[in-house]
Amino acid sequence: MLKKYLWVFLISMVPLVELRGAIPVSQVMGLPLTTSYIVSIVGNMLPVPIIYLFARKVLEWGCDKPLIGGFFSWCLEKGKKGGKKLQEKAGRGLFVALLLFVGIPLPGTGAWTGTLAASLLDMDFKSSIIAVMGGVLLAGVIMGAASAGLLGALGAVFAS
């Protein structure tokens, strides 16, 4: 069982997959939802401070390197685009916008992208971490509900 939780933990750390993939995988493995939720949150949040503090510097450094330059430029551009969209829509409510950006489980809107966007927008460290954490918690609740079949049940109730 510990091996299964380790898989959930590691999956939740993978960019683009994150907690959004880890929670459904945990349910396929037959793990309890509450424990999987906690393990996924810890795994998803573990890279966030590192991303905030170092990703921008590493990506900017690697943009002109032969083998990695294209990928690093793509990552930097994706973060900048996400940050610009957030700032345009949010105005002064950037904290809430970041929380919702990370919290709504769509491809490319997770903790990795949100943290990079916050870093590129020069949001302060504490606000960024708290907003991303709130978003990860929200995404976890949504994915947990979806994995438990609650969203399908709600759709059936409202469709009839």
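A disulfide is a pair of cysteine sulfur atoms within 2.5 Å. With that cut-off in hand, we can begin our walk through this structure, which is a predicted model. The sulfur of C75 lies 9.1 Å from the closest cysteine sulfur, which belongs to C63, and that is too far for a bond. Seen from the other side, the sulfur of C63 has C75 as its closest cysteine partner, again at 9.1 Å and too far for a bond. The structure as a whole holds zero disulfides. The two cysteines also sit in different surroundings by class: C75 counts as buried because its relative accessibility is 15%, while C63 counts as partly exposed because its value is 27%.

C75 is a good doorway into helix α5, since it is one of the buried residues of that helix. Helix α5 covers residues 69–90, which makes 22 residues. From its first C-alpha to its last, α5 reaches 31 Å, close to the 32 Å expected at 1.5 Å a residue. Alongside C75, the buried residues of α5 include G69, F72, L76, G79, G82, G83, L86 and A90. What lies over them? The cover of these buried residues includes α4 (48–62), α6 and α7 (111–120). Just after α5 comes G91, with a positive phi of about 65 degrees.

Let us now look at α7, one of the helices covering α5. A117 lies in helix α7, and it counts as buried because its relative accessibility is 0%. Which residues does A117 touch, leaving aside its neighbours within four places in sequence? Its contacts are G79, G82, G83 and L86, and those four residues are also among the buried residues of α5. With G83 the backbones come together as well: the C-alpha atoms of A117 and G83 are separated by 4.4 Å, although the two residues are 34 residues apart along the chain.

A second residue of α7 to visit is S119. At 7% relative accessibility, S119 counts as buried. Leaving aside neighbours within four places in sequence, S119 is in contact with Y52 and R56.

If you follow the chain onward from α7, you come to the loop between α7 and α8, where D122 is found. D122 counts as exposed, because its relative accessibility is 58%. Its backbone deserves a pause. Most residues other than glycine have a negative phi. D122, however, has a phi near 60 degrees, a positive value in a residue other than glycine.

Beyond that loop lies α8, which takes in residues 125–147. At 1.5 Å a residue, the 23 residues of α8 should span 33 Å, and its end C-alpha atoms are 32 Å apart, so the two values agree. The buried residues of α8 include S128, I129, A131, V132, G134 and G135, along with V136, A139, G140, M143, G144 and A145. G149, just after α8, takes a positive phi of about 85 degrees.

How do α6 and α8 meet? The axes of α6 (residues 94–103) and α8 come within 7 Å and cross at roughly 35 degrees, and this crossing is right-handed. On the α6 side, the residues involved are F95, L98, L99, L100, V102 and G103. They meet a set of residues in α8 that includes S127, S128, I130, A131, V132, G134 and G135, as well as V136, L138, A139 and I142. By class, this contact has twelve nonpolar, five polar and no charged residues.

Finally, we can turn back toward the start of the chain. L16 lies in the loop between α1 (2–13) and α2 (18–28). Like D122, L16 is a residue other than glycine with a positive phi, here near 70 degrees. In α2, the buried residues are E18, L19, R20, G21, A22, I23 and S26. These residues pack against α1, α3 (33–45), α6, α7 and α8. After α2 comes G30, whose phi is positive, near 80 degrees.

One more stop, in helix α3, is T35. T35 counts as partly exposed because its relative accessibility is 35%. From C-alpha to C-alpha, T35 and D64 are 43 Å apart in space, with their positions 29 residues apart in sequence.

Terms used: Residues are numbered from 1 along each chain as its sequence is written. This is a predicted model: local features need pLDDT of at least 70, side-chain atom pairs count only at pLDDT 80 or more; totals for chains, interfaces and linings use all residues. Side-chain values use heavy atoms; hydrogens and water are left out. Buried means under 20% relative accessible area, exposed over 50%, partly exposed in between (1.4 Å probe, protein chains only). Axes are lines fitted to C-alpha atoms, for helices over the stretch in contact, and angles run from 0 to 180 degrees between N-to-C directions. Helices (H or I, at least four residues) and strands (E, at least two) are DSSP runs, numbered from the N terminus. A crossing is left-handed if the near helix is turned anticlockwise from the far one by less than a right angle, and right-handed if clockwise. Contact means heavy atoms within 4.5 Å. Ala, Val, Leu, Ile, Met, Phe, Trp, Tyr, Cys and Pro count as nonpolar, Asp, Glu, Lys and Arg as charged, and the others, Gly among them, as polar. The expected span of a helix is 1.5 Å times one less than its number of residues.
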